[in-house]
Amino acid sequence: MFLAALFSLNALLAFIAILIALYFYLTKNFNYWKDRGIPGPKPVVVLGTMWEMFTKPIHQASFDNYKKYGKIYGEFGFSTPVLTIADPELIKDISIKDFHNFVDHSDMKSGDPLNDRSLFNLMGDEWKAMRSVISPTFSSGKMRAMHPMITDCVHRLDQYLETKAINGDELDVKRAMGNLTMDVIASCAFGTQIDVHNDNKTNEFVANAQQVLRGNWRLWFMFLMTTTFPKLTEKIGISTMKPSVEHFFRSAISSIISKRRSQRNSVKHRDYLQLMINAQNRSADNSEDQDIDDLNEHIFGTTDALKDQKTANVVITDDDMLATSFLFFVAGYETTATLLSFLTYELSLKEKCQQRLYEEINAFDGNYSYESIARMPYLEACIAETLRLYNPIAATSRIALDDYKLGNTGLTIPKGMMINFDVHSVHHSPEYYPNPDVWDPERFLPENRDQLVPYTYLPFGLGPRNCVGMRFALMEAKTAVAHLITKYRFKRTANTAVPLKYKKFEFLLTPEAIQIGVEKR
Ligand code: HEM
């Protein structure tokens, strides 16, 4: 009895000692910014300054800090000091001029190859090598070849909208656009046809995909572990998804790949999966690859910064291919779906803009080819402005490879520190965008573009490590809008929320449901 009591007392004391040690470990950096005279929100144990994401949506938290502390402020990603910057010139220096010192995103290696081998998480030379393989798979020629597949997906959405319009039903835009981007991913990245626009039935692919996408708490946990205990996390390995879900996609992709290998060249596939199979076999089909002037680099930038990088030594494993297909889920599903949702929402509120867009596109008389959609300036301006006002990714980041003097701020960023670019605040600053809260596509029309302040437009990031899928996303969005706006009129209804409400605890700008009316023209 006495021994048992002594044992439990010892256990209790050991537990308290561990808690105290953990507390000191997790708070040991909390004076870092104060000691350097850099302002910023107050951290709390475990979460650091990320507690703010529990009390308000991510973009609101950034913008409140920007208004309170200015263009440079200190935060804590859990227990680790992070410097946040909303100064376009400094963002340009880090992303372009001194890129060699800021090649990497933050280290999110979790020991799971599907996470660790994804382009987003690769680092240093491994990233450069993989990016030089992946960039050409997003060339304008490859996108043009894939364009008919996207058009097919849009036709399936069109049929769904037609039923809604005929029945007089309201449209849950987020759901409809999410279904479109899911269909595109299934077709292009997984070589699979799915019945996605069915309100009453969920197929196996969609059910598993939803499990990947619903893993928000997994992301939080992984982020906590990779920032706080990076070495331990990589050693024990944390899976980014449920084993059954991983098994489903692994076997789906493996069977498609082996089927295609057995078909050899008898069937020509034009999807993204085939481009990766070709890259693995080093049998790139460049027949479609002549450059098309499709990307307004003056607005969006370029994705070809590493064009001349040698690819000779890159070996693409099956895990690399699977990781790349998954990237479409993680990087391309929600981002493109929200872009389309916000754009449709704004058009439903602004009838004149919708009419102008309709007239521009209708002049092409049903020809919405890859070349045509690159020649619609108002459409491009509407998309650009939507990505400014409702930029899905509120912030991007880089890690310093070496100590770095930050412009003329007198501040030295130490090796290993994460720098956060507060993109949302730059996009919403009245210093760069007059009436920043108003959706106004005029800002991005060719005649007004010289008024844009350089490096203040960053929805796809900046420099050689910007979004490699930008061209794909823009093609998808333009194709969808071109087809839908000429057939349907989007309208505000009593259920259309104005202003929109946003979810907390999300890494992307995520609106609550958006309801609008849809009628046939
Ligand atoms: C509207 C849609 C999209 C937006 C707003 C968006 C935005 C971004 C941003 C801000 C970054 C980080 C860039 C940086 O660190 O500077 C990024 C990276 C990336 N995005 Fe996108 N993205 C979109 C669609 C897509 C699509 C459709 C794909 C297709 C696979 C994709 C694939 C990637 C990849 C692979 C990276 C990592 C690039 C690297 O580390 O080299 N994105 N994206």
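Student: Which residues line the second largest cavity?
Tutor: The lining is made of Asp294, Leu295, Tyr370, Ile373, Ala374, Arg471, Leu474, Met475 and Lys478. Bear in mind that this is a predicted model.

Student: What makes these count as lining residues?
Tutor: A lining residue needs an atom within 4 Å of a point of the cavity. Asp294 and Lys478 are among the residues that line this one, so each has an atom within that cut-off.

Student: Which element gives the most to that lining?
Tutor: H21 does, with four residues. Helix H18 (370-373) also supplies at least two. By class, the lining has six nonpolar, no polar and three charged residues.

Student: Why is Arg471 counted as charged there?
Tutor: Arg471 is in the lining, and Arg belongs with Asp, Glu and Lys in the charged class, so that is where Arg471 goes.

Student: What about the largest cavity: how many nonpolar residues are in its lining?
Tutor: Nine, along with one polar residue and no charged ones. Thr344 is in that lining; Thr is not on the nonpolar or charged list, so Thr344 counts as polar. H16 and H21 each give at least two residues to this lining. The volume is about 80 Å³, and the second largest cavity holds about 70 Å³.

Student: How many cavities of 30 Å³ or more does a search of the whole structure find?
Tutor: Three.

Student: Let's turn to the ligand. What makes His105 a residue near it?
Tutor: His105 is one of those that come nearest among the 27 residues around the ligand. A polar side-chain atom of histidine 105 lies 2.6 Å from a ligand oxygen. The cut-off for being near is 4 Å, so His105 qualifies.

Student: How do you know that arginine 131 makes a polar contact with the ligand?
Tutor: An N or O atom in its side chain is 2.8 Å from an oxygen atom of the ligand. A polar contact asks for a pair of N or O atoms within 3.5 Å, so this pair passes. Arginine 465 also has a polar side-chain atom 2.8 Å from a ligand oxygen.

Student: Which elements give two or more residues to the shell around the ligand?
Tutor: They are helix H7 (124-134), helix H16 (318-349), strand E4 (395-399) and helix H21 (470-485). The largest share, six residues, comes from H16. The shell divides into 16 nonpolar, eight polar and three charged residues.

Student: Why is Cys467 called a donor to the iron atom?
Tutor: Its SG atom is 2.3 Å away from the iron. For iron the limit is 2.8 Å, and S atoms are allowed, so Cys467 fits. It is the single donor from the protein, and it sits in the loop between helix H20 (423-427) and H21.

Student: What makes E3 and E9 a pair of strands?
Tutor: Two bridges join E3 to strand E9 (residues 515-520). At least two are required, so they pair. In one of these, leucine 171 has isoleucine 516 in E9 as its bridge partner.

Student: In what order do the three strands of this sheet come?
Tutor: The order is E3-E9-E8, an open sheet with antiparallel pairing. Strand E3 (171-172) and strand E8 (488-491) are the edge strands, as each pairs on one side only.

Student: Where is proline 499?
Tutor: In the loop between E8 and E9. A cis peptide bond joins valine 498 to proline 499, with omega about -5°.

Notes
Residues numbered from 1 in each chain as written. Heavy atoms only, no water. Polar contact = N/O pair within 3.5 Å; in protein donor to acceptor, adjacent residues only side chain to side chain. 1 Å grid on protein atoms, 1.4 Å probe; cavity = no way out; pocket = protein on both sides within 12 Å on 5 of 7 lines; lining within 4 Å. Points joined across faces, edges and corners; volume = space filled by probe spheres on them. Donors = N, O, S within 2.8 Å, 3.2 Å for Na, K, Ca; no water.
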